[in-house]
Amino acid sequence: MSDTNPTPYDLVVIGAGPGGYVCAIKAAQLGLKVGLVEKRATPGGTCINIGCIPSKALLHASEKFAEIDHQFADLGIEVGAPKLNLEKMLGHKTATVDANVKGLEFLIKKNKIDWLHGTGKVAGTGTVVVTAEGDEEKTVQTKNIVIASGSDVAGIPGVDVKFDEKVIVSSTGALELSKVPERMIVVGGGVIGLELGSVWARLGAKVTVVEYLDTILGGMDGEVSKQFQRMLGKQGIEFKLGAKVTGVEKAKKGATVTFEPVKGGDAETLEADVVLVATGRKPHVESLGLDAAGVALDERGRIKTDDHWCTSVEGIYAIGDVIAGPMLAHKAEDEGVAVAEILAGQAGHVNYEVIPSVVYTSPEVASVGKTEEELKKAGIAYKAGKFPFSANGRARAMLATDGFVKVLADATTDRVLGVHIVGFGAGEMIHEAAVLMEFGGSSEDLARTCHAHPTMSEAVKEAALGTFFKPLHM
Ligand code: NAI
């Protein structure tokens with residue numbers, strides 16, 4: 001060990017993903033001296049480098065490509081068949097990532113955060129050891145440590161999946177296939193599988209999703225996931241539900257996926273040029289020295305924290321994918337802000353009841369608060385109001401009539417408990433519901449708020465009206 005920083009940091013954050021870098025920026029803004037440890041050459045974590053941002057670039061580009069084939073003629077725009085330049089499309093993705101990384105590097109410098117490149121290891125309260133490849137170890141002293149080390153691809157429990165990121169790919173490889181596969185199998189009908197499956201289906205691949213549950217997007221409102229599956233079916237995506245994948249093997253050409261009905265029955269094997277395995281992610285806790293430092297994990301391998309994100313060791317905090325809760329960038333960001341505030345002597349808080357989630361497919365799916373299934377399970381009496389986009393003027397004008405808004409409100413108090421949207425722009429519309437719920441608003445508050453006409457958001461107002469009276473346009 002060489003080099004020890006002469007002035008201890010107030011805070012060293014391990015991991016520069018959305019949780020870690022936001023925590024570092026907020027802490028620096030609040031006057032703390034901050035070091036940010038990251039093993040990747042660039043900041044931004046999975047989200048900016050190989051997750052949310054590059055996938056959105058490809059989702060946007062492939063959506064435009066598919067629109068030319070499916071919508072332009074109906075709008076009176078006659079163009080020839082679109083021609084794909086995949087290299088250029090992937091170039092747009094890379095440029096998007098680079099611009100975001102540059103922006104972040106600027107913010108890190110602007111806030112005078114020390115960039116500590118290397119793998120961070122917790123060597124007990126107040127000490128972090130940073131090792132960069134080919135470099136000496138560097139030991140830094142700090143008053144507090146925040147672990148924001150994120151998550152890794154989980155693979156399929158009990159199945160030896162040999163990812164080569166070309167034929168058998170995780171989300172990382174699925175973001176840079178060198179050509180459009182003829183056939184693609186997606187293992188897992190969750191968010192990653194449906195977003196990236198959509199990208200390649202729009203570009204011409206025959207996509208089959210094999211999912212263990214009887215429904216896609218398990219955990220989403222049941223009615224939403226059912227209708228959404230129908231919409232994806234119309235786009236040509238096939239589904240094998242209630243199917244447990246038991247083998248993924250490389251073949252002479254492409255790969256095979258073997259699965260069996262969860263309820264029992266004969267196994268089936270499908271072939272494809274590319275197999276995307278998207279069966280969840282696991283917290284990244286290895287190489288952090290947590291055991292030696294005494295930082296306890298829960299039964300699912302996540303770092304245990306109290307209500308203030310403190311681990312079992314005083315002065316060591318954890319946020320984001322590495323602790324309990326949804327693995328979402330914005331949840332991690334909010335936790336990062338809250339911990340920075342706590343360390344600066346302020347009150348930090350995250351309202352876990354109001355964390356929106358969005359699936360960036362076409363149409364989008366967005367949700368905040370409780371689903372009908374959750375309310376029923378909890379025995380909470382509720383009223384539901386629903387409004388279809390087929391009855392919304394703006395949606396008709398834009399050929400975006402697929403989908404609906406559902407508002408769920410407490411039967412006694414009228415307080416909104418959940419809002420679920422499937423439709424064009426759902427991921428933007430969901431935030432008026434989130435703001436309302438943050439303020440404990442009722443469905444009547446939502447319905448009496450003037451909504452501009454003509455907008456897709458009027459469907460939110462109409463669904464809210466339906467909760468306690470009747471929609472006007474249905
Ligand atoms: P996921 O947990 O959303 O979905 C995985 C799916 O795989 C589940 O439906 C599960 O039932 C299925 N599965 C598991 N084992 C299986 C087997 N043996 N055979 C067949 N199916 C099987 O995980 P995903 O999509 O990999 O995403 C990982 C994390 O990243 C999630 O927490 C997700 O929320 C997050 N994420 C969020 C995004 C967003 O908010 N737009 C985008 C991408 C990822």
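Helices (H or I, at least four residues) and strands (E, at least two) are DSSP runs, numbered from the N terminus. This is a predicted model: local features need pLDDT of at least 70, side-chain atom pairs count only at pLDDT 80 or more, and totals for chains, interfaces and linings use all residues. Residues are numbered from 1 along each chain as its sequence is written, and side-chain values use heavy atoms, without hydrogens and water.

**Exercise 1. Locate E165 and state the sign of its phi.**

Step 1. E165 sits in the loop between β7 (151-153) and β8 (168-169).
Step 2. Its phi is positive, about 60°, although E165 is not a glycine.
Step 3. Most residues other than glycine have a negative phi, and most peptide bonds are trans.

**Exercise 2. Find the cis peptide bonds at P363 and P454, and place both prolines.**

Step 1. S362 and P363 are joined by a cis peptide bond, with omega about 0°. P363 belongs to the loop between β18 (357-359) and β19 (364-369).
Step 2. H453 and P454 are also joined by a cis bond, with omega about 0°. P454 is in the loop between α13 (443-447) and α14 (458-468).

**Exercise 3. Describe how α3 packs on α6.**

Step 1. Take the axes as lines fitted to C-alpha atoms, for helices over the stretch in contact; angles run from 0 to 180 degrees between N-to-C directions.
Step 2. Helix α3 (residues 52-70) and helix α6 (residues 191-202) pack at about 35°, with axes 9 Å apart.
Step 3. The crossing is left-handed: the near helix is turned anticlockwise from the far one by less than a right angle.
Step 4. List the contact (heavy atoms within 4.5 Å). From α3 come S55, K56, L58, L59, S62, E63, F65 and A66; from α6 come E195, L196, S198, V199 and R202.

**Exercise 4. Characterise the surroundings of the ligand.**

Step 1. Count a residue as near if one of its heavy atoms lies within 4 Å. Of the 21 residues around the ligand, I192, E211, V245, G280 and V358 come nearest.
Step 2. α6 and β12 (243-250) each supply at least two residues of this shell.
Step 3. Look for polar contacts, pairs of N or O atoms within 3.5 Å. An oxygen atom of the ligand is 2.9 Å from a polar backbone atom of G280. A ligand nitrogen is 3.1 Å from a polar backbone atom of Y212. For V191, a backbone N or O atom lies 3.3 Å from a ligand oxygen.
Step 4. Alone, the ligand exposes 850 Å², and the protein buries 78% of that. The areas come from the Shrake-Rupley method with a 1.4 Å probe.

Notes
Polar contact = N/O pair within 3.5 Å; in protein donor to acceptor, adjacent residues only side chain to side chain.
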